[in-house]
Amino acid sequence: MTQKVAVLGAGKIGEALLSGMIRGGWHPSHLLVTARREERAEELHVRYGVECVTNADAAKNADTLILTVKPQDMSTLLDQLAPHVPADRLVVSGAAGTPTTYIEERLTSGTPVVRVMTNTPALVDQGMSVISAGTHADESHLARTEEIFGGVGKTLRVPESQQDAATALSGSGPAYFFYLVEAMTDAGILLGLPRDKAHDLIVQAAIGASQMLRDSGEHPVTLRENVTSPAGTTINAIRELENHGVRAAFLAAIEAARDRSRELGSADAK
Ligand SMILES: NC(=O)C1=CN([C@@H]2O[C@H](COP(=O)(O)OP(=O)(O)OC[C@H]3O[C@@H](n4cnc5c(N)ncnc54)[C@H](OP(=O)(O)O)[C@@H]3O)[C@@H](O)[C@H]2O)C=CC1
Ligand SMILES: O=C(O)[C@@H]1CCC=N1
């Protein structure tokens, strides 16, 4: 029997997943979505042909419920869901910080909960989804979650104790690369290049470097050394990066993201 999957709170991440599932061959009749605003519900229905229902109806009619609201909206969503979720539903949370125990405590006792941290490259089927089992989730629940998120990129299982770190590295990770491209494009402007040309140069360098990182089997240090000629241009840039503490800035930035994920996990911070 084909199972039904509902995406509850289909914003940026929910829509990325929904669109990926449809690209991957899921029929819209096996999918449900929920939204907080009527116009958003209509938009998703027109765009994907998916039925938009209330959170209560999603809980009653779908086997797998994927919660993609902000951590700050999770409490309200769980209040709306709690009376309607039978214990045989798989509940998958995509929210940063929120521990599986927080969700388990608010639903019917024994409900399997899986926590996933995905990222926006899911929009182009290059997402990374980091998956952890809650107290009542078994192998079949993890496999089901991998089947769904595996359609929009790679998946990786980690103990839930590593989820805040994974969120800081991989959930937020694409933003750091976009920020770097922005900064490098500004450098191109400083050197007198037109913005569109600077942008194209940086994006192609990023794509080429990404492909080498993924496919060459070489360590990033070796790849960087191969670009860095004795008394050449690159080493001058590297010296400035070190002088400005860019490596230390990344360590501090990603640690701060991890700390915020932890904070979001405590109900007080939401
Ligand atoms: N953006 C990212 O790169 C990533 C985000 N995440 C996580 O994914 C989750 C969603 O993030 P993102 O997609 O960026 O956020 P969005 O705000 O784009 O999406 C959340 C959606 O949920 C809707 N919503 C809120 N409450 C309810 C409710 N009770 N019932 C139905 N719909 C509701 C919101 O409605 P409205 O439009 O009215 O606000 C919004 O459309 C977060 O928990 C975040 O931590 C994880 C990885 C990466
Ligand atoms: O910034 C955030 O909180 C979310 C979680 C990971 C990426 N975006």
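**Exercise 1. What percentage of the 270 residues in the chain is buried?**

Before we start: this is a predicted model, where local features need pLDDT of at least 70, side-chain atom pairs count only at pLDDT 80 or more, and totals for chains, interfaces and linings use all residues. Residues are numbered from 1 along each chain as its sequence is written, while chains are lettered from A and ligands numbered from 1 in the order in which they are written.

Step 1. Take the cut-offs: a residue is buried if 20 or more other C-beta atoms lie within 10 Å of its own, exposed if 12 or fewer, and partly exposed in between, with C-beta atoms placed from the backbone.
Step 2. Apply them to the chain, and buried residues come to 33% of the 270.
Step 3. For the overall frame, the C-alpha atoms fill a box of roughly 70 × 40 × 35 Å along the principal axes.

**Exercise 2. Work out how the chain is divided.**

Step 1. Count the elements: there are 12 helices and 8 strands. These are DSSP runs numbered from the N terminus, with helices being H or I of at least four residues and strands E of at least two.
Step 2. Split the chain into domain 1 (5–162) and domain 2 (173–264), bounds that come from an automatic or database domain assignment.
Step 3. Look at how they meet: the C-alpha centres of the two domains lie 33 Å apart, and 7 residues of domain 1 are in contact with 6 of domain 2. Contact here is C-beta atoms, placed from the backbone, within 7 Å.
Step 4. Set the UniProt record beside this. Its unreviewed entry puts "domain: Pyrroline-5-carboxylate reductase catalytic N-terminal" at residues 4–97 and "domain: Pyrroline-5-carboxylate reductase dimerisation" at residues 160–264. Positions use the numbering here, feature names are shortened, and annotations may be inferred rather than shown by experiment.
Step 5. Check the make-up: residues 4–97 are 40% helix and 19% strand, whereas residues 160–264 are 81% helix and 0% strand.

**Exercise 3. Describe what surrounds each ligand.**

Step 1. Ligand 1 has 28 residues around it, and the closest are G9, G11, K12, A95 and A96. A residue counts as near if its C-beta atom, placed from the backbone, lies within 6 Å.
Step 2. Two elements give two or more residues to that shell: α1 (12–23) and α4 (74–81).
Step 3. Sort the shell by class and you get 9 nonpolar, 13 polar and 6 charged. Nonpolar means Ala, Val, Leu, Ile, Met, Phe, Trp, Tyr, Cys and Pro; charged means Asp, Glu, Lys and Arg; the others, Gly among them, are polar.
Step 4. Ligand 2 is surrounded by A96, T167, G171 and S172, a shell with no charged residues.

**Exercise 4. Find the residues at the centre of the contacts in the largest nonpolar core.**

Step 1. Define the set: buried Ala, Val, Leu, Ile, Met, Phe, Trp, Tyr and Cys residues joined through C-beta atoms within 7 Å.
Step 2. Of its 50 residues, A6, V33, L65 and L67 touch the most other members.
Step 3. The largest share, 5 residues, comes from α1.
Step 4. Follow L67: leaving out residues up to four places away in sequence, its contacts include L8, M74, L77, V91 and V92.

**Exercise 5. Why is S132 classed as buried?**

Step 1. Locate S132 in strand β7 (residues 127–133).
Step 2. S132 is buried because 24 other C-beta atoms lie within 10 Å.
Step 3. List its contacts beyond four places in sequence: R115, V158, P159, E160 and Q163.
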